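Got the viewer open? Let's take a short walk through this model, one selection at a time.

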Amino acid sequence: MKLGVSWITNGRMPTPKRLPLRTVTELAEMLGVSKNQMVSALRATDAPKPTMRSREFGHMKSRVWYEPGEVMRWWRARA
């Protein structure tokens with residue numbers, strides 16, 4: 001028995017419950033500042049905390065995601 005996508009979602013695309021998370025680089029581009037300025041600003045004690053962290057040990061990469069609305073509210077308040 002084959003199940004089509006329309007059967008699973010009743011023909012409707014599910015709506016996201018929140019905006020997608022953003023990385024520091026994406027947030028810096030949205031705010032029009034450099035990545036270094038964004039990183040140093042996020043080190044403040046009142047800065048929003050990351051929503052999710054990911055580490056790839058094979059490549060030793062680390063990625064951090066933030067809630068964009070929370071960061072935008074914080075950024076406006078600190079100016």
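**Start at the sheet**

Pick out Arg55 to begin: facing it in strand 3 is Ser62. Keep in mind as you click around that this is a predicted model.

Now widen the selection to residues 52-56, which are strand 2; this strand runs antiparallel to strand 3, with five bridges between them.

Next, select residues 22-23 for strand 1. Its partner is strand 3, residues 61-66, again in the antiparallel sense, this time over two bridges. To find one facing pair here, show Arg22 and look across to Tyr66 in strand 3.

With the three strands coloured, which order do they take in the sheet? Reading across, it goes 1-3-2, in an open sheet with antiparallel pairing. Strand 1 and strand 2 are the edges, each pairing on one side only.

**On to the core**

Nonpolar side chains in soluble globular proteins tend to be buried together. For the largest nonpolar core here, select twelve residues: Val24, Leu27, Ala28, Met38, Ala41, Leu42, Ala47, Val64, Tyr66, Val71, Trp74 and Trp75. Strand 3 gives at least two of these, and so does each of helix 2 (24-31), helix 3 (35-41) and helix 4 (68-78).

**Last stop: Val71**

Zoom in on Val71, a member of that core. What does Val71 touch, leaving aside neighbours within four places in sequence? Show Leu27, Met38, Pro48 and Tyr66: Val71 is in contact with each of them. You have met Tyr66 already, standing opposite Arg22.

Technical notes
Residues are numbered from 1 along each chain as its sequence is written. This is a predicted model: local features need pLDDT of at least 70, side-chain atom pairs count only at pLDDT 80 or more; totals for chains, interfaces and linings use all residues. Side-chain values use heavy atoms; hydrogens and water are left out. Two strands pair if DSSP finds at least two bridges between them. Helices (H or I, at least four residues) and strands (E, at least two) are DSSP runs, numbered from the N terminus. A nonpolar core is a set of buried Ala, Val, Leu, Ile, Met, Phe, Trp, Tyr and Cys residues joined through side-chain atoms within 4.5 Å. Buried means under 20% relative accessible area, exposed over 50%, partly exposed in between (1.4 Å probe, protein chains only). Contact means heavy atoms within 4.5 Å.
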